[in-house]
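Reader: I would like a close look at the aromatic side chains of this structure, and at the buried surroundings in which they are found. Please take the rings and their partners one by one, and then turn to the cores.

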Amino acid sequence: MQVKKIFSTIDTHVLGEVFRIIIESPIALTEINQSFLEEKYKREVEWLLNEPRGHRGMNGCFVLPSKVADYALMFVNHDSDVQFKYSGFVASITALLETGNLAKKEDDFYDIETVNGVFTVYAKYENQVVSRVRFENKACKVVESTNEFDMVEVDGSRKYLIYELPESIASIHMESLSTIMRWGKQTREKTRRGQAIFDGITLVDSMDSVDGNIQSVTFGNDGYILRSPGVDSTVAIFAALLNRSGQSVQLTNQSIYGSKLTVQLVPGTRDQFYIETQGFITGMHQFIYDQEDHLENGFLLK
């Protein structure tokens with residue numbers, strides 16, 4: 001084996017959504033350049049995300065220097081169209097602060113440069129632990145309502161179809177998972193035939209929540225269930241609820257796996273929300289890229 005390329009990563013999760021934070025690599029990146037990465041290093045990216053080192057739910061984040069922020073973050077995903085995830089803020093700031101790769105700031109506010117601009121994130125770091133991370137989304141609004149679903153646009157670029165629980169599904173719990181999976185497959189095929197463009201399909205137990213607590217499950221563009229409530233999914237549901245009632249100021253969304261995310265409406269707005277949650281480091285790894293490996297690209301189980 002010839003050791004030519006070594007990657008150092010910090011693995012984290014945010015409410016079950018897994019991120020591989022790439023802090024050192026032989027990939028020569030000095031700024032956010034998605035097309036360059038996909039053209040020159042597509043094989044290495046697949047290798048980092050795929051099995052046996054990764055899995056279908058793995059997200060990747062390259063940490064880069066920035067001239068306008070504390071650091072830059074470039075996302076990689078199994079789906080090349082996914083170039084941004086809010087949960088990556090939580091994953092990266094937790095990984096960098098808790099491992100000493102980022103110096104603590106006195107005011108606890110950090111700027112992160114992304115393909116969607118610079119975001120300011122609050123991270124409470126004390127006793128060597130990031131106990132909470134808070135940030136705001138840019139915008140979220142309902143762009144279409146039908147008898148079947150609400151289409152919600154997040155940040156003017158990502159669209160989610162919000163469906164209410166049909167009578168054929170008893171509840172959003174693991175006991176109903178097989179029925180939910182069938183519904184998701186059928187709904188995805190139906191919407192694709194109708195040529196609807198979307199980033200996710202979200203099923204909600206009730207769109208008439210009185211106490212601000214709901215349960216949901218979101219299917220990604222590839223048809224697989226997301227592991228967390230999801231920031232995009234949660235603010236999209238909140239926007240749909242506000243469009244109907246206009247009274248809620250807080251929403252708690254629980255995923256089918258039991259994790260919860262609470263978001264609050266930013267006072268004086270109708271389309272911006274405070275998101276606060278916590279990330280956890282699950283491991284620190286060094287991976288060796290060996291071109292002689294017959295599984296150098298990895299694989300995905302289906």
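Author: The charged end of Arg56 sits over the ring of Tyr224, at 4.2 Å from the ring centre, and a second arrangement of this kind places the charged end of Arg134 over the ring of Tyr122, 4.7 Å from its centre. Both descriptions, like those that follow, refer to a predicted model.

Rings also meet rings, and the count comes to 18 aromatic pairs. One of them joins Trp47 and Phe287 in an edge-to-face arrangement, with 6.2 Å from centre to centre and 85° between the planes. Because Trp47 belongs to helix H2 (residues 42-49) and Phe287 to strand S16 (residues 280-289), this pair ties together parts that are 240 residues apart in sequence. Trp47 is buried, with a relative accessible area of 1%, and Phe287, at 12% relative accessibility, counts as buried too, since the cut-off for that term is under 20%.

Another edge-to-face pair is formed by Tyr163 and Trp183, whose ring centres are 5.3 Å apart and whose planes make an angle of 80°. Here the partners come from strand S10 (residues 158-164), which holds Tyr163, and helix H4 (residues 177-193), which holds Trp183, so the pair links parts that are 20 residues apart in sequence. Tyr163 and Trp183 are both buried. Elsewhere, ring pairs link Phe75, Phe84, Tyr86, Phe89, Phe119 and Phe135 into a cluster.

Phe89 and Phe135 appear again in the largest nonpolar core, which has 51 residues and in which Phe89, Phe135 and Phe273 are the residues with the most contacts inside it. Helix H5 (residues 231-244) contributes the largest share of this core, namely 9 residues. Apart from this core lies another, of 19 residues, including Phe7, Trp47, Leu64 and Ala72. Returning to Phe273, and leaving aside its neighbours within four places in sequence, one finds among its contacts Phe135, Val235, Phe238, Ala239, Leu242 and Val263, together with the polar residues Glu136, Asn137 and Gln264.

A polar side chain can be followed in the same way. Asn59, in strand S3 (residues 58-64), is buried, with a relative accessible area of 4%, and the side chains of Asn59 and Asn77 are joined by a polar contact of 2.8 Å. Beyond four places in sequence, Asn59 also touches residues that include Glu17, Val18, Phe19, Arg20 and Leu49. Of these, Phe19 is 40 residues from Asn59 in sequence, yet their C-alpha atoms are 4.7 Å apart in space.

Note on methods:
Residues are numbered from 1 along each chain as its sequence is written. This is a predicted model: local features need pLDDT of at least 70, side-chain atom pairs count only at pLDDT 80 or more; totals for chains, interfaces and linings use all residues. Side-chain values use heavy atoms; hydrogens and water are left out. A nonpolar core is a set of buried Ala, Val, Leu, Ile, Met, Phe, Trp, Tyr and Cys residues joined through side-chain atoms within 4.5 Å. Buried means under 20% relative accessible area, exposed over 50%, partly exposed in between (1.4 Å probe, protein chains only). Helices (H or I, at least four residues) and strands (E, at least two) are DSSP runs, numbered from the N terminus. Contact means heavy atoms within 4.5 Å. Rings of Phe, Tyr and Trp (its six-membered ring) pair if their centres lie within 6.5 Å; planes under 30 degrees apart count as stacked, over 60 as edge-to-face and the rest as tilted. A charge sits over a ring if NZ of Lys or CZ of Arg is within 6 Å of the ring centre and within 35 degrees of the ring normal. A polar contact is a pair of N or O atoms within 3.5 Å; within protein, one must be able to donate a hydrogen and the other to accept it, and residues adjacent in sequence count only if both atoms are side-chain atoms.
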